[in-house]
Protein chains: 2
Amino acid sequence: MTFAPIAADKAVFNPLDPGESMPEATIRDVARRAQLSVATVSRVLNGFENVSEQARERVTEAVRDLGYVPHAGARSLSLARTNAIGVVLPDLHGEFFSEIVRGMDREASRRGYLLLLSNLHGSTEQAALALRAMHGRVDGLIVMAPTLSSRDLAAALPSRLPSVLINTRGVGTGHASIHLDNAAGVAAVVEHLASLGRRRLVHVAGPEGNMDADERAHAFQEACAARGLGCEILRGDFGQASGEQSVAELVASGREFDGLFAGNDNMAIGALQALQDAGKWVPTDVAVVGFDDIPLARHLGLTTVRVRIAELGERALVRLLAVMAKADGGGEELHAPELVIRNTTGEENGA
Amino acid sequence: MTFAPIAADKAVFNPLDPGESMPEATIRDVARRAQLSVATVSRVLNGFENVSEQARERVTEAVRDLGYVPHAGARSLSLARTNAIGVVLPDLHGEFFSEIVRGMDREASRRGYLLLLSNLHGSTEQAALALRAMHGRVDGLIVMAPTLSSRDLAAALPSRLPSVLINTRGVGTGHASIHLDNAAGVAAVVEHLASLGRRRLVHVAGPEGNMDADERAHAFQEACAARGLGCEILRGDFGQASGEQSVAELVASGREFDGLFAGNDNMAIGALQALQDAGKWVPTDVAVVGFDDIPLARHLGLTTVRVRIAELGERALVRLLAVMAKADGGGEELHAPELVIRNTTGEENGA
DNA sequence: ACGCGTCATGTAACCGGTTACATGACGCAC
DNA sequence: GTGCGTCATGTAACCGGTTACATGACGCGT
């Protein structure tokens with residue numbers, strides 16, 4: 001426990017009581033205090049074997065005395081490795097956001113990565129800015145940008161940064177990406193409605209330009225056509241209010257329909273409200289189906305398409321790490337959603 | 001649009017078709033190509049005025065040709081400023097997580113900051129590790145660690161990094177922090193139940209050691225005592241299942257009660273289920289109140305205490321920036337929640 | 001005594017930016 | 001022509017780590 005007096009080169013200070021104004025201790029301060037070189041300190045800190053026991057102790061002690069904490073940013077720079085993953089998401093409805101982030105976080109923290117979050121609201125230029133800001137701070141990128149055109153995305157994506165796309169128009173073929181199999185989900189919905197004898201279907205779609213909204217609307221049209229069912233498409237914006245309003249207007253117009261498929265659960269809930277207000281019975285008069293299976297859906301007995309959101313995030317992270325390790329050749333991965341049948345298309349329900 | 005042939009020092013390449021193996025362009029590459037010094041390039045990139053129009057053009061062109069993107073990590077190192085805020089959260093139930101992150105993100109992106117996310121599951125050592133990993137990557141820290149003791153937190157918190165605590169046991173006095181006024185919320189609940197004539201109250205508390213759970217349980221006890229009400233406390237873990245189970249056991253034991261206050265909405269929902277299964281009527285037999293006001297609560301008609309979660313996150317970020325700018329003297333800020341009265345304590349309801 | 005290998009340690013370059021300071025060109029007043 | 005201020009530009013140090021390579025001590029076989 002003895003050590004020579006230290007030649008403090010700036011000022012005298014008490015190591016156990018870090019003054020507010022004292023600059024952060026660096027590895028060089030530790031080296032000086034331990035009377036060793038920075039190389040040795042670095043070796044101790046990183047657990048190398050070729051260090052004498054004595055040196056190891058002296059370093060450990062100096063670190064403790066100075067309250068030294070390595071500077072992760074500097075470390076990243078010299079290692080060209082940050083241990084962080086950039087996550088760029090659009091403005092998402094609550095449940096979806098937290099679930100997908102939770103899925104990523106679970107895998108990330110298991111493997112010692114941090115998540116650097118950036119939201120993608122606004123224009124294409126802002127998107128480019130957000131993506132650029134990631135360069136040099138992350139080892140890889142997970143991007144979910146359902147409204148970005150594939151051209152804009154290609155322009156904005158730092159070309160040499162490994163990345164995985166989620167529900168995003170691909171950048172050329174072969175880019176590692178994960179997609180929800182919207183077509184399969186929608187096909188299951190339409191088949192289910194048809195099997196219940198519904199013949200005049202209406203779809204309240206999400207906002208135009210949103211990839212998921214467009215895919216679902218398109219698949220709906222296809223599926224109806226394939227079965228010769230009546231089919232109409234309204235536009236909402238994925239918000240509950242828009243579902244309510246669209247359906248209220250539809251009912252007011254007097255057009256007949258017996259099956260309603262909303263682009264997501266939020267809008268389905270709005271639609272249920274509108275139907276109730278209009279005195280329509282669910283499912284007797286109109287069968288209603290949503291998409292996503294948010295927790296509310298279960299409580300409301302809403303038939304819907306279950307998307308395992310957290311799993312999507314988890315897979316994205318796992319694949320990104322594989323891409324980074326050059327162990328993933330790229331390519332699109334489809335996640336098949338699953339139809340969950342509940343009261344709004346099944347047994348009687350007051351709604 | 002003319003420029004001299006470039007003496008490429010490594011290999012010949014086509015700048016418009018970045019080869020896979022080509023190393024990232026750095027500011028020095030840009031300087032070389034523009035036939036200027038790195039200083040001038042840096043000045044152009046950062047919008048300094050003292051650069052000739054000609055130099056500005058040459059740099060812009062070189063940047064475009066090389067597809068140069070500044071290395072944010074290197075920039076941070078030399079500026080000692082990262083434009084990122086570290087956010088350390090515990091494992092949170094979905095709605096709470098996404099809301100608080102959304103609130104922070106809204107303010108952060110408005111002010112040009114990114115969010116570096118780290119979850120705080122597990123032991124005290126892991127917590128320390130997570131906090132340390134932030135050093136040198138962020139300009140400030142928002143910490144929510146309701147289970148950490150104030151001693152452990154003090155040890156783990158990088159001392160010279162500005163930070164704001166949310167619902168976390170303070171590190172000494174005067175640390176900038178934001179707290180939910182649990183006592184006020186609980187007092188309102190008990191007063192409400194008392195005003196309905198309920199006399200034998202039960203509280204299903206969150207897990208022991210969790211700051212919010214403990215504060216709510218304690219406030220409940222105080223409030224009941226102050227009014228001379230019967231009062232019993234059960235322990236749950238904030239999960240829906242634990243609420244259901246606790247109440248099922250309570251009912252099975254035959255103890256009488258006419259008012260139930262759950263530590264959060266999740267457990268209140270479980271409790272409603274248990275009461276329904278036991279044939280008890282809500283609110284006739286038992287009035288039920290939750291805490292948080294998650295979206296489900298509204299749909300279920302659950303009386304609860306509304307916490308404006310996103311606002312909490314937003315305020316935390318705003319205060320952190322103030323602390324960083326030395327414009328915030330620290331101190332505790334209480335957010336008063338608001339009682340929302342719905343069917344589970346009001347008009348008749350089938351549940 | 002010599003040569004050689006092993007091993008702990010140190011020196012200094014490097015990662016990719018920023019910037020204090022030096023430099024040199026130019027215009028202008030005398 | 002000289003001196004000075006202004007201004008664009010360049011040089012090199014610096015941020016805080018890592019690490020290739022150099023060094024020198026030591027042990028061992030001959």
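These notes cover the contact between chains A and B, one helix of chain B, and the surroundings of DNA strand C in a predicted model.

1. **Contact between the chains.** The two chains meet through 36 residues of chain A and 36 residues of chain B. On the chain A side, four elements supply at least two residues each: helix 4 (72-79), helix 5 (94-110), strand 2 (114-119) and helix 12 (295-300). Helix 5 of chain A gives the most, with seven residues.

2. **Make-up of that side.** The residues of chain A that touch chain B divide into 15 nonpolar, 14 polar and seven charged.

3. **Strand pairing across the chains.** Strand 2 of chain A also pairs with a strand of the other chain. Its partner is strand 2 (residues 114-119) of chain B. Three bridges join the two, and the strands run antiparallel. One bridge can be checked by eye: Leu117(A) has Leu115(B) as its bridge partner.

4. **Helix 3 of chain B: length.** This helix covers residues 53-66, 14 residues in total. At 1.5 Å a residue it should span 20 Å. The end C-alpha atoms are 20 Å apart, so the span agrees with expectation.

5. **Helix 3 of chain B: buried side.** Arg58(B), Val59(B), Ala62(B), Val63(B) and Leu66(B) are buried. They cover an arc of only 135 degrees around the axis, and therefore lie on the same side of the helix. The general rule is that an α-helix has 3.6 residues a turn, so residues three or four places apart point the same way. Note that the buried set includes an arginine, Arg58(B). The buried residues of helix 3 pack against helix 1 (27-34) and helix 2 (38-45) of chain B.

6. **Helix 3 of chain B: the other face.** Turned away from the buried side are the exposed residues Glu53(B), Gln54(B) and Arg64(B). Just after the helix, Gly67(B) takes a positive phi of about 65 degrees.

7. **Around DNA strand C.** The strand is surrounded by 28 residues. The closest come from both chains: Ser37(A), Ala39(A), Asn50(A), Ile27(B) and Ser78(B). Chain A gives two or more residues from each of helix 2 (38-45), helix 3 (53-66) and helix 4. In chain B, helix 2 and helix 4 (72-79) do so. Helix 4 of chain B gives the most, with five residues.

8. **Make-up near the DNA.** Which residue classes form the surface near DNA strand C? They divide into 15 nonpolar, eleven polar and two charged.

Definitions and conventions
Residues numbered from 1 in each chain as written. Chains lettered and ligands numbered in written order. Predicted model: local features only at pLDDT ≥ 70, side-chain atom pairs only at ≥ 80, totals over all residues. Contact = placed C-beta atoms within 7 Å. Nonpolar A, V, L, I, M, F, W, Y, C, P; charged D, E, K, R; others polar. Pairing = 2+ DSSP bridges. Expected span 1.5 Å × (residues − 1). Buried ≥ 20, exposed ≤ 12 C-beta atoms within 10 Å, placed from the backbone. Arc of directions from axis to C-beta. Near = placed C-beta within 6 Å.
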